[in-house]
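Colleague: I should like to learn how to read a model such as this one, feature by feature. May we begin with a single side chain and then widen the view?

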Amino acid sequence: MTIEQPEKFHFRKSAQLTEAEKRAVQQWLSNQTIAHETITSKHVESFERAAKIDYLICSGIDWAKKALGIDLKLRLLDLQKIRFIDEQDIPEEERDPSVPAIYEARTGEILVVEYPDENQNMRNLSHEIVHTLSATRLDVKREGEKLEVGAVTHSGFRGFKNETFKYFNELVTEAINISILDYNRRQSNGADYLSQGHEVAYANGVLFFNALIKAVAERLDQKEDTIRNEIFYGYFKGDPTVLKRFTEAFGSTSGEPILRTLAGLKEQQYPPELLHML
């Protein structure tokens with residue numbers, strides 16, 4: 001198997017960045033932080049926690065190399081980019097159990113709500129780590145001799161301008177996360193973050209995604225793992241053309257192209273006409 005090594009960021013070709021300029025942009029972004037005015041956060045302080053997180057990150061990179069033929073080490077997460085927030089420090093009106101962690105694509109930061117169950121904290125963090133490994137497209141423009149570093153336009157399959165594939169991208173992220181955590185627990189030193197009652201993010205959505213993959217595989221007479229890994233590959237490579245597999249299998253739903261349906265998919269709002277096709 002030929003191993004590919006994608007870059008940390010994708011840039012628009014019209015900017016014509018040199019390798020030195022790409023490195024300079026990445027270095028500049030690595031020093032950026034998003035401050036939260038009302039919540040106190042802390043970095044990874046204990047060696048035990050740092051070791052757990054490092055093992056999670058390395059498991060993800062090892063899994064991608066073996067399962068997909070992609071080496072993601074250029075997207076290796078800096079532990080200083082992870083911060084934990086004590087649940088009690090969050091103002092009550094801002095608490096949302098459905099959002100236990102967030103990822104800021106431009107700076108690469110992860111913010112994790114700290115609960116008493118450390119394994120659940122790691123479980124929540126691991127989903128965000130997958131986001132950090134996904135293909136990130138950054139809008140960098142050349143203005144004369146200067147470079148203007150803009151916003152992230154795409155992360156994985158998600159397009160930020162019109163929020164296309166936002167929910168679908170989360171389902172792919174969690175499906176990958178489950179694959180990595182399963183790989184992690186099979187290793188001699190790996191912890192089990194899938195069992196023992198730990199919550200699965202987007203649980204119903206992941207079931208929908210798996211049913212979708214199964215239906216595509218059946219319609220195209222392919223193996224489920226083949227279709228699933230193609231989608232995972234596109235997520236990491238920033239290649240949306242892999243989504244054409246859904247078009248090949250389904251065509252359209254009630255006259256609307258299947259990709260438009262998936263691009264506008266909302267949590268817990270699965271179109272009946274699409275569910276009927278699964």
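Colleague: Which backbone atom lies 2.7 Å from a polar atom of the side chain of Asn169?

Modeller: Please keep in mind that this is a predicted model. The atom in question is the backbone nitrogen of Phe157, 2.7 Å from a polar atom of the Asn169 side chain. A polar contact is a pair of N or O atoms within 3.5 Å.

Colleague: Where is Asn169 placed, and is the residue buried or exposed?

Modeller: Asn169 belongs to helix α4, which spans residues 166-185. A residue is called buried when its relative accessible area is under 20%. Asn169 is therefore buried, because its relative accessible area is 2%. Setting aside neighbours within four places in sequence, Asn169 is in contact with His131, Ser155, Gly156, Phe157, Arg158 and Tyr235.

Colleague: At what angle do α3 and α4 pack, and how is their contact made up?

Modeller: Helix α3, residues 118-133, packs with α4 at an angle of about 115°, and the two axes are 9 Å apart. The crossing of α3 and α4 is right-handed. On the α3 side, the contact is made by Arg123, Ser126, His127, Val130 and His131. On the α4 side, the contributors include Asn169, Glu170, Thr173 and Ile176. By class, the contact of α3 with α4 has five nonpolar, six polar and three charged residues.

Colleague: How should one read the sign of a backbone phi angle?

Modeller: Most residues other than glycine have a negative phi, so a positive value merits attention. Phe165 is such a case, with phi near 60°. Phe165 lies in the loop between β8 (158-159) and α4. Asp221 also has a positive phi, of about 55°, although it is not a glycine. Asp221 is found in the loop between α5 (203-220) and α6 (224-237).

Colleague: Why does Phe165 count as buried, and why does Asp221 count as exposed?

Modeller: Phe165 counts as buried because its relative accessibility is 13%. Asp221 counts as exposed because its relative accessibility is 70%, the cut-off for exposed being over 50%.

Colleague: What do the totals for the protein come to?

Modeller: The secondary structure comprises nine helices and ten strands. Of the 278 residues, 44% are buried. The protein exposes about 14,700 Å², of which carbon and sulfur atoms supply 48%. Among contacts between residues at least 6 apart in sequence, 69% join residues at least 24 apart.

Note on methods. Residues numbered from 1 in each chain as written. Predicted model: local features only at pLDDT ≥ 70, side-chain atom pairs only at ≥ 80, totals over all residues. Heavy atoms only, no water. Helix = DSSP H or I, 4+ residues; strand = E, 2+ residues; numbered from the N terminus. Buried < 20%, exposed > 50% of the residue type's maximum accessible area, 1.4 Å probe, protein only. Polar contact = N/O pair within 3.5 Å; in protein donor to acceptor, adjacent residues only side chain to side chain. Contact = heavy atoms within 4.5 Å. Areas by Shrake-Rupley, 256 points an atom, 1.4 Å probe, with all protein chains shown as cover. Axes fitted to C-alpha atoms, helices over the stretch in contact; angles between N-to-C directions. Left-handed = near helix turned anticlockwise from the far one by under 90°. Nonpolar A, V, L, I, M, F, W, Y, C, P; charged D, E, K, R; others polar.
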